[in-house]
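Reader: I've got this model up on my screen and I'd like a close look at one part of it. Could you walk me through that part, and then show me how the rest of the chain fits around it?

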Amino acid sequence: MRISSFAKAIVAGLAAGATAAVTAVQDQVVTSGETVTIVLAVLGALGITYAVPNRPAEPERANPGRGL
């Protein structure tokens, strides 16, 4: 199954944003600094995950001793 780089980046951004948001609301108050942290976490995860290519699939190889 192939996952596009865009879909992979969206999932990573949501995960990073959710993690930062959960940490920010521990005290039931979200400050402007915490908001900036959440936004930067989402943007950083989107950008980095989108920029890193998926590893190319390796061709199937016969393993000696394990059958063909």
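Reader: Let's take S5: is S5 buried, exposed or partly exposed, and which residues does S5 touch, not counting those up to four places away in sequence?

Author: S5 counts as partly exposed, because its relative accessible area is 24%, and that falls between the 20% under which a residue is buried and the 50% over which a residue is exposed. Keep in mind that this is a predicted model. S5 sits in helix α1, and its contacts, leaving out residues up to four places away in sequence, are Y50 and N54. There's also a C-alpha distance to go with that: S5 and A51 are 46 residues apart along the chain, yet their C-alpha atoms are separated by 8.2 Å.

It helps to have the overall layout in mind here. The protein has two helices and zero strands. Helix α1 covers residues 5-24, and helix α2 covers residues 32-51. Of the 68 residues in the protein, 12% are buried. The accessible surface comes to about 5700 Å², and carbon and sulfur atoms account for 66% of that.

Now back to Y50, one of the residues S5 touches. Y50 joins F6, I10 and L14 in making a nonpolar surface patch of about 460 Å². Helix α1 gives the most to that patch, with three residues. Take F6, which is in helix α1: F6 counts as exposed because its relative accessibility is 58%, and the cut-off for exposed is over 50%.

From there, go to T49, which lies in helix α2. T49 is buried, since its relative accessible area is 18% and buried means under 20%. What does T49 touch, once residues up to four places away in sequence are set aside? The contacts are K8, A9 and A12. The side chain of T49 also has a polar atom 2.7 Å from the backbone oxygen of A45.

I48 gives you a contrast. I48 is in helix α2 too, but I48 counts as exposed, because its relative accessibility is 60%. Its C-alpha atom is 9.6 Å from that of G13, with the two positions 35 residues apart along the chain.

Further back along helix α2 you'll find V42. At a relative accessible area of 24%, V42 is partly exposed. V42 is in contact with G13 and G17, if you leave aside its neighbours within four places in sequence. For a C-alpha to C-alpha distance, try V42 and A16: they are 26 residues apart in sequence and 5.7 Å apart in space.

That leaves the stretch joining the helices. V30 is in the loop between α1 and α2. V30 counts as partly exposed, with 41% relative accessibility. Apart from neighbours within four places in sequence, V30 is in contact with A24, V25 and T35. Two of those positions are easy to place: helix α1 covers residues 5-24, and helix α2 covers residues 32-51.

Q28 is in that loop between α1 and α2 as well, and its backbone deserves a look. Q28 is not a glycine, but its phi is positive, about 60 degrees. Most residues other than glycine have a negative phi. As for its surroundings, Q28 is exposed because its relative accessible area is 72%, with over 50% as the cut-off.

Notes: Residues numbered from 1 in each chain as written. Predicted model: local features only at pLDDT ≥ 70, side-chain atom pairs only at ≥ 80, totals over all residues. Heavy atoms only, no water. Helix = DSSP H or I, 4+ residues; strand = E, 2+ residues; numbered from the N terminus. Buried < 20%, exposed > 50% of the residue type's maximum accessible area, 1.4 Å probe, protein only. Areas by Shrake-Rupley, 256 points an atom, 1.4 Å probe, with all protein chains shown as cover. Polar contact = N/O pair within 3.5 Å; in protein donor to acceptor, adjacent residues only side chain to side chain. Contact = heavy atoms within 4.5 Å. Patch = residues over 30% accessible without salt bridge, like charges linked within 9 Å, V, L, I, M, F, W, Y side chains within 5 Å. Salt bridge = Lys/Arg side-chain N within 4 Å of Asp/Glu carboxyl O.
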